[in-house]
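Here's a quick round of questions and answers on the structure below. Have a look at it first, then we'll go through it piece by piece.

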Amino acid sequence: MSLALQLARRGLGRTSPNPAVGAVIVKDGKIVGKGYHRAAGEPHAEVEAIRAAGSEARGAELFVTLEPCNHHGRTPPCVEAILDAGISKVWYGMDDPNPGVTGGGAKRLREAGVEAVGHVFEDRCRRLNEIYLLNITQRRPFVFLKLAMSLDGRIATRTGHSQWITSDASRRKVHRLRDRVSAIMVGVETVIADNPLLTTRLPGGRGRDPIRIIADSNLRTPVESSIFNQSSTAGVIIASRKDPPLDKKYKLESRGAKILRTSGVDRVDLRDMLNRLYQIGITSLLIEGGAGLAWGAFEAGVVDRCLFFYAPIIIGGSNAPSGVEGIGISKLDEAPRLAEVKAFRVGPDLLLDGKVSYPTPGLRLSQK
């Protein structure tokens, strides 16, 4: 199952809206086939592994990170391929949360006389597919918040100088994440101040650009911004309030931007925005700044995982911007917290990676 998980990771960022799945076939203590789901519409992991095993699949055991499917989608049911191949036992990591799938695959296998054992390394399998799990259960994109800060939580000096706080190693890791998500988002202030490309730049020119999204209530995005990068095929979406200035809307649309008018009266309604983005196929979103947008996402309760990179420097200054600003909370029991936190060394920097846990249901982040 550990090998199946490693294989599944190869498909991360490429299988949307499907989960990332890996499979390994073992016979007489030897691996005879392995595979992973490469992209939506292509063979599932089980089918790839069965094809690789050939006749050796008969009487063998299958290890797969997700319960095999028993329904027709873009590809035939994996359960039928498993039965046709003569596999005798299936070990699977987690149930598929899709209401049309849950339990059906394992039940069908057992009815056909194949032993099916579930929940092997379940926690690791669920962590691997946290994006898919949230997509299915909440019908919105999974949201990462990435910040690069000094040890005292500053994202720039008092004069606005911010390139570069963290190391090359940290930036490479961020670009690998960009390569895996559907979209990347910043606030309009970041666009005006830094004029970022928001592209993926990995060694050898590798990497897939995510769709670029700007939170811009009043459509202040300059038409000459670098996000309108003709060398990139990724689109640009500018999320605004309900009734933005029409003259600015037409100018930005002439540059190729799609204007997404959310239900917010004075500012972008992030929850509405996420629902609309999910409807057009965006399953994951990386927020990279700025500080006001970061707070707005916490306030809306939509940040799912934080990736905070800390450089071993002290910036100081009461006027130096911090990673998260906005109005903030008034009581500590209202604070979003990180759970399952892990710390990693990335070059000279420290990365804190944690899942966001919000206050008890019923509490709201303070507005005053």
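Contact here means heavy atoms within 4.5 Å. One more thing before we start: this is a predicted model.

Q: Which elements do the buried residues of H6 pack against?
A: Start with who is buried: in helix H6 (residues 130–138), the list is Glu130, Tyr132, Leu133, Leu134, Asn135 and Ile136. Using the contact cut-off of 4.5 Å, you can look up their partners. The buried residues of H6 pack against helix H5 (122–128), strand S6 (142–150), helix H10 (270–279) and strand S12 (305–311).

Q: What phi does arginine 139 take?
A: Look at the spot just after H6, where arginine 139 sits. Its phi is positive there, at about 60 degrees.

Q: Is arginine 126 buried, partly exposed or exposed?
A: You'll find arginine 126 in helix H5. Leaving aside neighbours within four places in sequence, arginine 126 is in contact with Met94 and Leu133. Buried needs under 20% relative accessible area and exposed needs over 50%. Arginine 126 comes in at 38% relative accessibility, so it counts as partly exposed.

Q: How many Å separate the C-alpha atoms of arginine 126 and threonine 65?
A: Along the chain, arginine 126 and threonine 65 are 61 residues apart. In space, their C-alpha atoms are separated by 9.0 Å.

Q: Which residues does the UniProt annotation "binding site" cover?
A: The annotation comes from an unreviewed entry, and annotations like this may be inferred rather than shown by experiment. One of the residues lies in the loop between strand S2 (30–36) and helix H2 (45–53), and another has its place in helix H3. The UniProt record names His44, Cys69 and Cys78.

Q: Why can we say that the "binding site" residues His44, Cys69 and Cys78 gather at one spot?
A: The UniProt "binding site" annotation covers His44, Cys69 and Cys78. They span 35 residues in sequence, so the chain alone doesn't put them together; what does is that no two of their C-alpha atoms are more than 9.3 Å apart.

Q: What is the relative accessible area of cysteine 78?
A: Cysteine 78 is in helix H3. Beyond its neighbours within four places in sequence, cysteine 78 is in contact with His44, Glu46, Val47, Pro68 and Cys69. Cysteine 78 is buried, and its relative accessible area is 0%.

Q: Which residue does UniProt list for "active site"?
A: This one also comes from an unreviewed entry. The residue lies in helix H2, and at 3% relative accessibility it counts as buried. Not counting residues up to four places away in sequence, it touches Ala23, Leu62, Val64, Leu66, Pro68, Cys69, Cys78 and Ile82. The UniProt record lists Glu46.

Q: How many of the nine residues of H2 are buried?
A: H2 is mostly covered. The buried residues are Ala45, Glu46, Val47, Glu48, Ala49, Ile50 and Ala53, and they pack against strand S1 (22–27), S2, strand S3 (61–64) and H3. The count of buried residues is seven.

Q: Which residue follows H2 with a positive phi?
A: Step off the end of H2 and check the backbone: phi is positive there, near 60 degrees. The residue is glycine 54.

Q: Are H2 and H3 roughly parallel or roughly antiparallel?
A: The axes of H2 and H3 come within 9 Å and cross at roughly 20 degrees. Glu46, Val47 and Ile50 in H2 meet Cys78, Ala81, Ile82 and Ala85 in H3, a contact with six nonpolar, no polar and one charged residue. The crossing is left-handed. Angles under 35 degrees count as roughly parallel, so H2 and H3 are roughly parallel.

Q: Is the crossing of H3 and H4 left-handed or right-handed?
A: The axes of helix H3 (residues 78–85) and helix H4 (residues 104–111) come within 10 Å and cross at roughly 25 degrees, so the two are roughly parallel. Val79, Glu80, Ile82 and Leu83 in H3 meet Gly105, Arg108 and Leu109 in H4. By class, that contact has four nonpolar, one polar and two charged residues. As for the hand of the crossing, it is right-handed.

Methods: Residues are numbered from 1 along each chain as its sequence is written. This is a predicted model: local features need pLDDT of at least 70, side-chain atom pairs count only at pLDDT 80 or more; totals for chains, interfaces and linings use all residues. Side-chain values use heavy atoms; hydrogens and water are left out. Axes are lines fitted to C-alpha atoms, for helices over the stretch in contact, and angles run from 0 to 180 degrees between N-to-C directions. Helices (H or I, at least four residues) and strands (E, at least two) are DSSP runs, numbered from the N terminus. Angles under 35 degrees count as roughly parallel, over 145 as roughly antiparallel, 65 to 115 as roughly perpendicular and the rest as oblique. A crossing is left-handed if the near helix is turned anticlockwise from the far one by less than a right angle, and right-handed if clockwise. Ala, Val, Leu, Ile, Met, Phe, Trp, Tyr, Cys and Pro count as nonpolar, Asp, Glu, Lys and Arg as charged, and the others, Gly among them, as polar. Buried means under 20% relative accessible area, exposed over 50%, partly exposed in between (1.4 Å probe, protein chains only).
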